[in-house]
Amino acid sequence: MKGWLIVNSFLKNEKFHELEEMFHSAAKGWNMELQTVENAELLADTSLSSWEFPSPDFVIFWDKDILLAEFLEGRGLRVYNSSRCIALCDDKRKTHLALERKQLPMPRTILAPMSYSGIGFTHLDFLLQVEEILSYPMVVKEAYGSFGAQVCLVNSREELVRCVERCQTTELLFQEYIEYSHGRDVRIQVVGDRVIGAMYRYSDRDFRANVTAGGRMKAYSPSEEECRLARMAAQAVEADFAGVDLLFGPEGPLVCEVNSNAHFKNLLDCTGIHTAEEIMDYIRRDISAKK
């Protein structure tokens, strides 16, 4: 069984290289061949007669080049995760719309109105509605971003205006602040329809619990309710595998984010669970079942 691991040609660092090596090691363990292919090596040439590559049995798409993923699917390749899943997770606004369609519990979320490129927000009158609904403090997030970056907590109208103006983008969402979960959350890794592991993330210095933002982590045994919610969140975005972040709500867990390309090195360090091995096993079984 042969597959491609699609990575980005222009984003290269030790963190991404470690994950790539983990996938290759896991593939060998399951007697599968895995070839790393950079997105700039595999251009989406829309000429129907231009396909010159031998087709693999599967593609692990460890990038956010959504159009390339869609192009490969159009060539009949099985892509894990799909272009639709990556698109739903990459844009946090789309994530919350997908969760809302399944009526899953999450912090109350308001999407900023759309404006046009080069115009931006010519007035901020809509913030009156936002603050009336959410009150302060509230969380402001850019639609795109990872590792807890592009997220801020604002405590007043002045801070809200400064935050919106500083973002320099109209692709924003405004979210209810869950005080009960301040500085702590749970990352649950889902593969297929199984929860394979979880870790508790916490910070004494920041309202965000992300390890990259200075948080700490420890192994965590999720409740049955947390596992059920994590699986349902992964299904809502049509994920084959996903890292689901849950907040602690006063009345139960809330879905914060769903990550299609969750960096699982921290989960390995924290729990000893090899997510890459679980993903490769899932793909192996899924491809075999369809044959």
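This is a short walk through a predicted model, from its five-stranded sheet to two helices and a pocket.

Hi everyone, a little housekeeping before we start. Residues are numbered from 1 along each chain as its sequence is written. Because the model is predicted, local features need pLDDT of at least 70 and side-chain atom pairs count only at pLDDT 80 or more, while totals for chains, interfaces and linings use all residues; side-chain values use heavy atoms, with hydrogens and water left out.

Let's begin with the sheet. Helices (H or I, at least four residues) and strands (E, at least two) are DSSP runs, numbered from the N terminus. Two strands pair if DSSP finds at least two bridges between them. With that in hand, look for an open sheet of five strands, in the order E11-E10-E9-E12-E13, with antiparallel pairing. Which strands stand at the edges? They are E11 (216-219) and E13 (252-259); each has a single partner strand, so one side of each is left without a neighbour in the sheet. On average, neighbouring strands here are turned by 30° against each other, direction ignored; the axes behind that angle are lines fitted to C-alpha atoms, for helices over the stretch in contact, and angles run from 0 to 180 degrees between N-to-C directions.

Now zoom in on one edge. E13 pairs with strand E12 (residues 241-249) in the antiparallel sense, over seven bridges. One example to find on screen is Asp245, whose bridge partner in E13 is Glu257.

At the other edge, strand E11 holds Ala219. Is Ala219 buried or partly exposed? Buried means under 20% relative accessible area, exposed over 50%, and partly exposed in between (1.4 Å probe, protein chains only). At 48%, Ala219 is partly exposed. Contact means heavy atoms within 4.5 Å, and, leaving aside neighbours within four places in sequence, Ala219 is in contact with Ala198, Cys270 and Thr271.

Next, the helices. Seven of the eight residues of H3 (83-90) are buried, so this helix is largely enclosed by the rest of the structure. Its buried residues are Ser83, Cys85, Ile86, Ala87, Leu88, Cys89 and Asp90. Among the elements covering them are strand E3 (58-61), helix H2 (66-74), H4, H7 and our edge strand E13.

In helix H4 (residues 92-101), the buried residues are Lys92, Arg93, Thr95, His96, Ala98 and Leu99. Their cover includes H3, E13, helix H7 (224-236) and strands E5 (109-111), E6 (138-142) and E8 (172-176). After H4 comes Gln103, with a positive phi near 55°.

E8 deserves a quick stop of its own. Four of its five residues are buried. E8 pairs in the antiparallel sense with E5 over three bridges, and with E6 over five bridges. In E8, Leu173 is the bridge partner of Leu111, and Leu172 is the bridge partner of Glu142.

Last, a pocket. Rolling a probe the size of a water molecule over the atoms shows where empty space is left. The second largest pocket has 14 lining residues, and the closest to its centre are Trp4, Gln35, Val37, Pro54 and Pro56. On a 1 Å grid over the protein atoms alone, a pocket is an open set of points where a 1.4 Å probe fits, with protein on both sides within 12 Å along at least five of seven lines; lining residues have an atom within 4 Å of a point. Strand E2 gives the largest share of the lining, five residues. Thanks for listening!
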